[in-house]
Amino acid sequence: MTLTTHALVGAAAAQLFPSYPYVAFVAAFASHFAIDALPHWDYTILSSEKDLRNPLNNDMRLGKLFFIDLLRIGSDALLGIVLSVIIFAYGIFHAPLVIVLIGALGGIVPDPLQFVYFKTHTILLEALQRFHIWIQKGKTLRVHPAIGIFLQVTLVLAVVAIEKIVLH
Ligand SMILES: [Zn+2]
């Protein structure tokens, strides 16, 4: 999933707990894995190095391509945070801004944690990394990017519509 989708669904999950920031964070963090479990398209990570025999050895090679990845991933995350604030704090819903930010960041953060695992192989993150690999195993949709993005927009719209109906 794109980080834009993760941020938006994370904010949607967090706003269900507007008075409990820690619960809101956990809900957003959990939402990351819930939607990674759905078949989904992803843009290519240019610096990605995959070990097909042991995905725990996957990595990102530092260099020029990594820099381009960083710009793309950073823009993706920023778009997600901005859209989350617009939709959940000021637009369709009126959740507290801090809860929306906690939600967007909680929805995004499992992916940067994968990068931390790539570079440290810390035992602290190994179980999470195994779970992250397992939950999206075989879920990659090899479709045209326009279709992939369309499906993710549809997912976000469905989540927003359901919450709009349930919360009002
Ligand atoms: Zn993920």
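Which side chain meets that of Arg130 in a salt bridge? The partner is Glu126, at 2.8 Å from N to O, and the legends below take this pair together with other sites.

This is a predicted model, in which local features need pLDDT of at least 70, side-chain atom pairs count only at pLDDT 80 or more, and totals for chains, interfaces and linings use all residues. Residues are numbered from 1 along each chain as its sequence is written, and side-chain values use heavy atoms, with hydrogens and water left out.

**View 1. A salt bridge within helix H6 (123-135).** Arg130 and Glu126 are 4 residues apart in helix H6, and are thus separated by about one helical turn. A salt bridge here is a side-chain nitrogen of Lys or Arg within 4 Å of a carboxyl oxygen of Asp or Glu. Helices (H or I, at least four residues) and strands (E, at least two) are DSSP runs, numbered from the N terminus. Arg130 is partly exposed at 46% relative accessibility; buried means under 20% relative accessible area, exposed over 50%, and partly exposed in between (1.4 Å probe, protein chains only).

**View 2. Salt bridges that join separate elements.** The structure holds 3 salt bridges. In one of them, Glu49 pairs with Arg61, with the closest N and O atoms 2.8 Å apart. Glu49 lies in strand E1 (residues 48-49) and Arg61 in the loop between E2 and H3, so this pair ties together parts 12 residues apart in sequence. Glu49 is partly exposed at 30%, while Arg61 is exposed at 55%. Another bridge links Lys119 to Asp59, the closest N and O atoms being 2.9 Å apart. Because Lys119 lies in helix H5 and Asp59 in strand E2, the pair ties together parts that are 60 residues apart in sequence. Lys119, at 36%, and Asp59, at 21%, each count as partly exposed.

**View 3. The zinc ion and its donors.** His32 (NE2), Asp36 (OD), Asp111 (OD) and His132 (NE2) coordinate the zinc ion at 2.1 to 2.6 Å. Donors are N, O and S atoms within 2.8 Å of the metal (3.2 Å for Na, K and Ca); water is not among the atoms, so sites may look incomplete. Along the chain the donors follow the spacing H-x3-D-x74-D-x20-H. Asp111 lies in helix H5 and His132 in helix H6, so the pair ties together parts 21 residues apart in sequence. Why is the arrangement irregular? The 4 donor atoms subtend angles of 87 to 177 degrees, which makes it so; four donors count as tetrahedral if all angles lie between 85 and 135 degrees, four count as square planar and six as octahedral if opposite donors are over 155 degrees apart and all others between 65 and 115, and anything else is irregular. His132 is buried, with a relative accessible area of 1%.

**View 4. The largest pocket.** Its volume, the space filled by probe spheres set on grid points joined across faces, edges and corners, is about 1,400 Å³. On a 1 Å grid over the protein atoms alone, a pocket is an open set of points where a 1.4 Å probe fits, with protein on both sides within 12 Å along at least five of seven lines; lining residues have an atom within 4 Å of a point. The lining has 40 residues, of which Asp42, Ile45, Lys50, Gln114 and Gln136 lie nearest the centre. H3 gives the largest share, 6 residues.
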